[in-house]
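Work through these exercises with the structure open. Try each task before you read its solution.

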Amino acid sequence: MGHTFAEKILARNAGLAEVRPGQIIDATPDVALSHDNSAAIARIFRSLGVARVKHPDRLAITLDHAAPPPTTRHAQNHAEIRRFVAEQGITHFYDVGRGICHQVLSEEGLVYPGAVVLGADSHSTHYGALGAFGAGVGRSEMAAIWATGQLWLRVPESIKITLTGQFRPWVTSKDIALHIIGQLGADGGLYASIEFHGEAVAGMSMESRFVLPNMMAEMGAKNAWVQVDQTTFDWLAQVAGKDEAELARLKAASEAVAPDPDAVYAAEYRFNAAEIEPQIACPHTVDNVRPLSAVAGTKVDQAFLGTCTNGRLEDIAAAAAVIKGRRVAPGVRLVVIPASAEVYLQALRAGYLETLLEAGAVIESPGCGPCMGNHLGIPAPGEVTISTANRNFRGRMGTPEAEIYLASPAVVAASAVAGEIAAPWEIGGQSDGRID
Amino acid sequence: MAGLIKGRVWKYGDGVNTDVIFPGKYTYTITDPAEMARHALEDLDPTFAANVRPGDVIVAGRNWGNGSSREQAVTCLVQAGVGAVIAVSFARIWYRNAINNGLPALTCPEAAAALNSGDEVEVDLAAGVIRSAAGEFSFPPFAPSIQAILADGGLIPHLKKRLG
C-alpha cells in the first residue's frame, strides 16, 4: 500500500520506515519560523530555564506583521526581538522592510522540496508550494522547538485535489482556491494534509501556486502540498539561487517524498478550472464564496492589494495591467503593499508601481500591512474593503463594523477603478489577465 | 488534569474564529494575560468577559478557533477562568494551543447539541464524562502523551519538568 506526501515526509523526518494517519511522531523541523510574535515566544522560552536555542541556524525570524512599527509599543516589541536575535546568534533574521515571512523564506532558499517547516503563523501551509511540509503551531510550541529542536505532530489524513482543465481569461489560482473553500467549507480540510495534483496545477506559474497551500489554512488544513515539477526547480534556481548540485539533491529529496500513485486518501475531489469564473469570499467568512457576477456592483471604500497570498510581482503586474491609463474612483483608497523588498524592486523596475501611482494608488513598505488590523489601511466602521488577502473575519482589519471581500488582484484593481466590485473585462482592461 | 470542572455553559455557534476570540489588533500590544482576559470574545459576545466565572465551560459548534495561530485566543480564556471548551470540532492550531496551555478541549457533538447557555455542567476528565441536567455524555480519552501534557498544566510546565 502506498503512502501520501505527509506520511512519507513525516516518516523520513522522524527516521521511521513508515507512519500512518493518527500516529504521533516527534518531528525535527529544518526551519522554525516566527515573526513579530518572537518576543512573546522568547519570554516563554526563557521561562523554561534554557540559556541557548538548540539550533540557532534553524530559526528564521522576520519583522513583518506591524513593520515599520506604528506605535511605541510595537517598536519596543521589535527592539526586544533584535536583542534576542543578537544574544542567540540567529543568522536568518529579516528586519523591517525585507518583507512578509512566507515570501521572504521562500526567496531566501530556506524552503525547498523535502523540508519540514513549522511556523508560529497559521499560513505556514504556504511552504507546500515548494514541495515542503509547512504547518502552523502556537507560541508555546515554538518555544519548545527553540529549546529542544523537536515537536510532537500527529500524522494527518490526506485529501487529494486534482485540478483539471485550463483557466478562462482573468481566472486565477486565487479564484479556484476560493471556489474549493466555498465548496468544501471552512472545516472541509480540518487536520488534513491537502495535495494538489493535475494539469491546471502544472500550467500555473510558481507565483500562482503559492496561493493554493496558503489559502488551505482557511479550510482547516494542517499542511498542503503542490506537485513539484520543472517550474518549481526553475524558481528555486532563479529566485532562491539554488545551484546545480543543490538542485540535484532537491530533485532526489522531492522524489523521495512524492505521494505514491496508490496512496490512500481520506477523500478525493476534482475541480475543473475551465468551469469557474472569478470568485469572491463575502463577509464574514472565507467559505462564504459567490461568483463575481453575483456580487458585482457592491460599493467599496478601499481596495487592498498585497499580503502573503497575493502580493507578488505577478499580482502587482495583473493589477497594473487592469489599471493602466485609468484612475482609482473618487472616494476610494487603493493600498498596494509588495510582499517583499525584492518584489517591490522588480515592480518598480518594470514600471508597475509607476502605473499604480499615476492611477492614484498608495504604495506602502513590504509587510503584512492592514491584513490583520495593525496599520496602513484600517477601514472605518461601515466601510467596505475588497482585498487580495486570505481572511475576512469580522474585526480582522480592526473594526467589527467593517466588511471585507476577498478576491484576485485583477478583480481588486478593477473594483478600485469602478468604486464597486467589478469584473476587469467590464472596465475595459487592456489585457486578458495573462501576464507572461 | 485532576478533579472536576464545574460551572455554567456559555454557548456559541459554528465557525467561531480567532479574530472574534482575541482581536488581531491587540496581538503585539497586550502582553498582560489579565488584560487579555478583559478582551476575550469581545467581538462575538461583549457580555462574556465581565460575567464569566472560574470553571465556566464554553460549548460550541463546528470548527471552534479557526483562523490565526495566535495563542492569546487560548490564553485569554484560560485567564478568564474558563474550565473547558466542548465543541463539535476544533480547528487544529487552537486545539494544540489549548492542550499546550492545559485547557481541556473536548470533542463531543452530543454534549454540544444538548447543552444550552446558563446550564450547570460538570466535566469529569478522569472518567471522560460530561454531566448536566440534559444528560451524561462521554468523550474520547486523550492519547497518553497528551494526557501527560495536560496533567502537568501545559507544554511549558511539562517541558520544565523534563528539562529540569
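**Exercise 1. Domains of chain A**

How far apart do the C-alpha centres of domain 1 of chain A and domain 2 of chain A lie? Then describe the contact between these domains.

Solution.
1. Keep in mind that this is a predicted model.
2. Start with the bounds. The domain assignment gives domain 1 as 8–273 and domain 2 as 282–418 of chain A.
3. Take the centres. The C-alpha centres of the two domains of chain A lie 24 Å apart.
4. Count the contact residues. Domain 1 of chain A supplies 34 and domain 2 of chain A supplies 26.
5. Find the elements on the domain 1 side. α4 (101–107), α6 (173–184), α8 (206–209) and α9 (211–216) of chain A give two or more residues each. α6(A) gives the most, with six residues.
6. Sort that side of domain 1 by class. There are 13 nonpolar, 14 polar and seven charged residues.

**Exercise 2. The build of chain A**

Work out how the radius of gyration of chain A compares with the globule rule.

Solution.
1. List the secondary structure. Chain A holds 17 helices and 18 strands.
2. Compare the radii. The radius of gyration of chain A is 21 Å, and the globule rule gives 22 Å for 436 residues. The values are close, so chain A is as compact as a globular protein of that length.
3. Add the box. Along the principal axes, the C-alpha atoms of chain A fill roughly 60 × 55 × 40 Å.
4. Check burial. Of the 436 residues in chain A, 61% count as buried.
5. Check contact range. Take the contacts in chain A with a separation of 6 or more: 77% of them join residues 24 or more positions apart.

**Exercise 3. The largest nonpolar core**

Identify which residues touch the most other members of this core, and place the core relative to the domains.

Solution.
1. Find the hubs. The core has 206 residues, and A319(A), V85(B) and I86(B) touch the most other members.
2. Find the main contributor. Helix α14 (residues 313–323) of chain A gives the largest share, nine residues.
3. Place the core. Domain 1 and domain 2 of chain A both give residues to it, so it lies between them.
4. Look around one hub. Leaving out residues up to four places away in sequence, I86(B) touches V57(B), V59(B), L106(B), C108(B), A111(B), A112(B) and I130(B).

**Exercise 4. Chain B against chain A**

How many residues of each chain are in contact?

Solution.
1. Count both sides. Chain B puts 35 residues in contact with 44 of chain A.
2. Name the helices. α1 (18–21), α5 (92–100) and α8 (155–163) of chain B each supply at least two residues to the chain B side.
3. Sort the chain B side. It has 10 nonpolar, 17 polar and eight charged residues.

Definitions and conventions:
Residues numbered from 1 in each chain as written. Chains lettered and ligands numbered in written order. Predicted model: local features only at pLDDT ≥ 70, side-chain atom pairs only at ≥ 80, totals over all residues. Contact = placed C-beta atoms within 7 Å. Helix = DSSP H or I, 4+ residues; strand = E, 2+ residues; numbered from the N terminus. Nonpolar A, V, L, I, M, F, W, Y, C, P; charged D, E, K, R; others polar. Rg over C-alpha atoms; globule rule 2.2 N^0.38 Å. Buried ≥ 20, exposed ≤ 12 C-beta atoms within 10 Å, placed from the backbone. Core = buried A, V, L, I, M, F, W, Y, C linked by C-beta atoms within 7 Å. Domains from an automatic or database assignment.
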